[in-house]
Amino acid sequence: MAAELTESTKLVYDRVGAQERGEVSYENTLKALADVEVEYTVRRNMLDFPQHVSPCKAIRAASTEADKKLSEFDVEMSMRQDVYQRIVWLQEKAESASLKPEAKRYLERLIKLGKRNGLHLPEETQEKIKAIKKKLSVLCIDFNKNLNEDTTFLPFSREELGGLPEDFLNSLEKTEDGKLKVTLKYPHYFPLLKKCYVPETRRKVEEMFNSRCKEENCLILKELVDLRAQKASLLGFSTHADFVLEMNMAKSSRTVATFLDELAQKLKPLGEKERAVILDLKKKECEKRGLEFDNRINAWDMRYYMNQVEETKYSVDQNLLKEYFPMQVVTTGLLAIYQELLGLTFHLEEKAQVWHEDVQLYTVKDASSGETIGKFYLDLYPREGKYGHAACFGLQPGCLLPDSSRQISVAAMVANFTKPTPDAPSLLQHDEVETYFHEFGHVMHQLCSQAEFAMFSGTHVERDFVEAPSQMLENWVWEKEPLLRMSRHYKTGSPIPDELLEKLIKSRQANTGLFNLRQIVLAKVDQALHTQTKADPVEVFARLCEEVLGVPATPGTNMPATFGHLAGGYDAQYYGYLWSEVYSMDMFHTRFKQEGIMNCKVRTGFCAWLGWGGQGRGSQPCSVCVCPQVGMDYRNCILRPGGSVDASDMLRKFLGRDPKQDAFLASKGLKVESNSVPSA
Ligand SMILES: [Zn+2]
């Protein structure tokens with residue numbers, strides 16, 4: 001099928017690329033490309049998606065194989081100089097002036113992407129760029145493959161693993177002489193660094209973790225950074241970061257540097273305070289356990305004492321809390337909240353065709369018109385060979401078909417929550433509930449967007465904005481009312497006790513300073529490597545840890561060689577997590593927090609939910625339903641346009657002013673003095 005798909009798609013490109021200058025028109029160039037893109041995207045997703053979810057190993061392998069072929073084909077088509085030339089000719093024609101706004105944006109985008117591939121440069125340069133692109137993709141695959149396939153483990157005795165729970169210890173494999181094997185995979189690394197009270201054990205594990213693939217990935221990273229700089233220079237950019245950022249809200253590496261520097265400066269006092277608390281905890285712990293106190297915080301102490309802060313200062317008992325979050329209650333509550341918020345209705349399809357019995361399919365309709373706008377799959381539990389993280393996969397873009405009718409959008413949420421057993425339901429940790437809300441936010445972004453072109457559908461927005469809609473919806477799992485709606489004790493059915501709820505909400509502030517300063521270190525390493533090619537990754541990381549975080553890197557380690565994002569499509573864009581949070585917080589506090597995160601102000605007798613039959617009267621909120629007015633605004637201004645409008649324009653429309661950093665800073669526990677905005 002992949003071969004068939006590339007052949008039929010290539011035919012269209014060939015036809016477009018063979019057009020005489022005089023013949024070029026909107027229909028035979030731009031629309032022909034847009035139409036084939038819709039079909040290609042849908043069929044490509046169907047070939048590509050099963051590698052992540054199919055229960056059958058042979059299908060997963062075939063799907064991966066197809067993905068490789070299609071990726072190669074994507075590079076080839078992106079480098080079609082003949083096609084690019086026809087689009088340029090079209091732009092020069094008078095008819096292009098009368099194109100509708102989104103078609104015009106599509107035309108401009110194709111030209112931009114062509115230039116970013118060097119299609120306007122001499123053939124010799126184009127060949128160089130193509131060669132670099134191919135090398136880069138191989139290097140990126142190898143960098144992450146090395147990390148994924150790392151099988152290092154450390155053997156420890158039970159005493160050396162003191163503090164770790166019994167079920168964790170029992171899950172570990174044993175060496176021949178009876179020691180317990182600790183690997184460097186997340187399910188071992190994080191619990192150990194958080195819970196093990198033997199500092200020497202933590203030190204060994206942290207040192208090994210940040211030395212993974214040191215030799216080989218260090219070389220790859222160097223080559224990656226060099227090749228990226230070469231490509232950027234061939235394309236006329238002074239640095240790779242500037243090349244990447246041109247397409248983002250931030251636009252330039254200078255803006256990103258200012259954003260990160262200012263934030264680091266503001267967070268510094270908070271970081272100092274948190275370090276003092278941690279040092280104090282460490283002193284007490286050393287006295288208690290009869291250990292020597294070295295009066296400093298080491299890299300391997302960070303997570304251990306940050307966890308102690310959560311448990312002592314905020315005293316949230318995560319194990320007790322999760323008894324209130326059985327999967328079914330959370331799902332019902334979450335779906336109800338999203339439906340009310342966005343003016344949608346969800347309908348479970350009873351006998352849907354799915355790839356595994358755990359998977360459910362829902363049809364989504366607009367609540368007021370009854371019109372079907374899309375469908376989504378929920379695939380929530382782990383199984384052999386399934387994608388290991390949580391993510392939203394777009395399967396079908398919501399856009400126009402060749403005959404101008406609308407194609408509905410289809411997406412799948414894939415996650416790995418604990419599966420229920422006959423005697424115990426799946427109970428979610430609070431951070432899993434947050435993940436659930438976050439990923440489902442991406443699903444709603446995919447479904448609610450109503451672009452004309454596939455290229456602008458769903459989450460195809462600026463990369464440093466794409467997380468904002470989902471980050472905004474994370475706020476719902478930190479607010480009392482929605483929390484109560486999505487929780488109930490799995491045995492007694494009682495609500496979360498007030499005291500526990502208050503503690504949970506307060507604990508959002510735990511370790512904010514150190515957590516965010518560490519994010520800044522990572523973002524700055526990423527920026528440094530992609531703005532100064534001569535920079536030594538180990539030296540840069542060590543210096544930033546010292547300067548920004550105030551906790552030194554462990555000598556001999558090479559954290560950047562283990563930083564998968566650098567080779568995973570986040571090059572020069574790691575800052576985006578913090579950047580988009582600025583907008584998510586502004587949207588939440590400016591609109592939802594003011595106008596009601598669930599209830600809305602009903603200003604007239606008209607209830608947006610039930611029409612004129614609703615009970616909303618005057619200033620009274622409707623008691624039967626929730627009128628999703630802010631939510632509808634959000635759906636219309638932020639989700640509906642997809643990538644067909646610049647993020648900054650969407651934000652201005654929704655906020656009624658330029659975006660501000662205030663809410664973001666306040667959420668980090670910082671005082672707000674200025675109205676400084678990342679210039680966007
Ligand atoms: Zn996300």
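Start with the five-stranded open sheet: select β3, β4, β5, β9 and β6, which sit in that order with mixed pairing. Helices and strands here are DSSP runs (H or I of at least four residues for helices, E of at least two for strands), numbered from the N terminus. Two strands count as paired if DSSP finds at least two bridges between them. The edges are β3 (344–348) and β6 (391–396), each with a single partner strand, so one side of each is left without a neighbour in the sheet. On average, neighbouring strands of this sheet are turned by 25° against each other, direction ignored.

Before going on, note that this is a predicted model: local features need pLDDT of at least 70 and side-chain atom pairs count only at pLDDT 80 or more, while totals for chains, interfaces and linings use all residues. Residues are numbered from 1 along each chain as its sequence is written, and side-chain values use heavy atoms, with hydrogens and water left out.

Now zoom in on β6 and β9 (residues 409–414), an antiparallel pair with five bridges. Pick Gly394 and you'll find Ala411 of β9 opposite. Then add α16 (residues 327–342), which packs on the sheet and touches β3, β4 (360–366) and β5 (372–379). Contact means heavy atoms within 4.5 Å. The direction of α16 makes about 145° with that of β3; axes are lines fitted to C-alpha atoms, for helices over the stretch in contact, and angles run from 0 to 180 degrees between N-to-C directions.

Next stop, a smaller selection: β1 (residues 153–156) and β2 (residues 180–183), which run antiparallel and are joined by four bridges. Pro155 has Lys181 as its bridge partner in β2. Show the side chains of β2 and watch them alternate: Leu180 and Val182 point to one face and are buried, while Lys181 and Thr183 point to the other and are not. Buried means under 20% relative accessible area, exposed over 50%, and partly exposed in between (1.4 Å probe, protein chains only).

Over to the helices: select α2 (residues 26–48) and α5 (residues 81–92), whose axes are 10 Å apart at an angle of about 125°. That makes the two oblique to each other, since angles under 35 degrees count as roughly parallel, over 145 as roughly antiparallel, 65 to 115 as roughly perpendicular and the rest as oblique. To see the contact, pick Tyr26, Thr29, Leu30 and Leu33 of α2 with Val83, Arg86, Ile87 and Leu90 of α5.

Keep α5 on screen and add α6 (residues 101–116); the axes of these helices come within 10 Å and cross at roughly 135°. On the α5 side, show Tyr84, Ile87, Val88, Leu90 and Gln91, which meet Leu107, Glu108, Leu110, Ile111, Gly114 and Lys115 in α6.

Then jump to α14 and colour its buried residues: Met302, Tyr304, Tyr305, Met306, Asn307, Gln308 and Val309. Their cover includes α9 (186–195), α10 (199–209), α13, α21 and α22 (537–549).

Two loops are worth a click for their backbone. Asn295, between α13 (253–289) and α14 (302–312), has a positive phi near 60°. Asn511, in the loop between α20 (498–506) and α21 (512–529), also has phi near 60°. Is Asn511 buried or exposed? Asn511 is buried, at 6% relative accessible area.

Last pick: Glu481 in α19 (residues 480–485), partly exposed at 37% relative accessibility.
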